[in-house]
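Dear colleague,

I am passing on a structure that I would like you to look over when you have the time. My notes on what was found follow below it.

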Amino acid sequence: MAKIPTAAIAATGLLGGYGAARWSGRRELGGAVLAVAGAAAAVQWKKQSGPATAAALTGLYVAAFGGSHPLAKKIGAWPSVFAVTGVVAAASALAPSK
């Protein structure tokens, strides 16, 4: 079975989480999407890059989610989500492999 790139998993969590919350009106649904994708990405990051890199990328993922909120007040919701998603996806794609 083909492995999905971790950058795509993380991007799905951030973009999909916001989209699910916005379009359903249920923040907890967005949180569930965010959490499931984040957990899946963390497992892959640990396998591919080791526990230290996985912890750093997971921390970045959570920080991006949190940071998107104040950023959204300055540039708008979707631009904010796209910006933080780009940072996390790029970091994930550039993470060293074991």
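To begin with a single side chain: is R26 buried, exposed or partly exposed? In this model, which is predicted rather than determined by experiment, R26 is partly exposed, since its relative accessible area of 48% lies between the cut-offs of 20% and 50%. The residue it pairs with, E28, is likewise partly exposed, with a relative accessible area of 48%. R26 and E28 form a salt bridge in which the closest N and O atoms are 2.2 Å apart, and the count for the model comes to one such bridge. As a general matter, side chains of opposite charge can pair when their charged atoms come close.

Turning to the fold, the protein has four helices and zero strands, so that its pattern, read along the sequence, is α-α-α-α. The radius of gyration is 13 Å, close to the 13 Å that the globule rule gives for 98 residues, and the protein is therefore as compact as a globular protein of that length. Taken along the principal axes, the box filled by the C-alpha atoms is roughly 40 × 25 × 20 Å.

As for packing and surface, buried residues make up 36% of the 98 residues, while, of the contacts with a separation of 6 or more, 68% are between residues 24 or more positions apart. The accessible surface comes to about 5700 Å², and carbon and sulfur atoms account for 71% of that area.

With best regards

How values were computed:
Residues numbered from 1 in each chain as written. Predicted model: local features only at pLDDT ≥ 70, side-chain atom pairs only at ≥ 80, totals over all residues. Heavy atoms only, no water. Helix = DSSP H or I, 4+ residues; strand = E, 2+ residues; numbered from the N terminus. Rg over C-alpha atoms; globule rule 2.2 N^0.38 Å. Buried < 20%, exposed > 50% of the residue type's maximum accessible area, 1.4 Å probe, protein only. Contact = heavy atoms within 4.5 Å. Areas by Shrake-Rupley, 256 points an atom, 1.4 Å probe, with all protein chains shown as cover. Salt bridge = Lys/Arg side-chain N within 4 Å of Asp/Glu carboxyl O.
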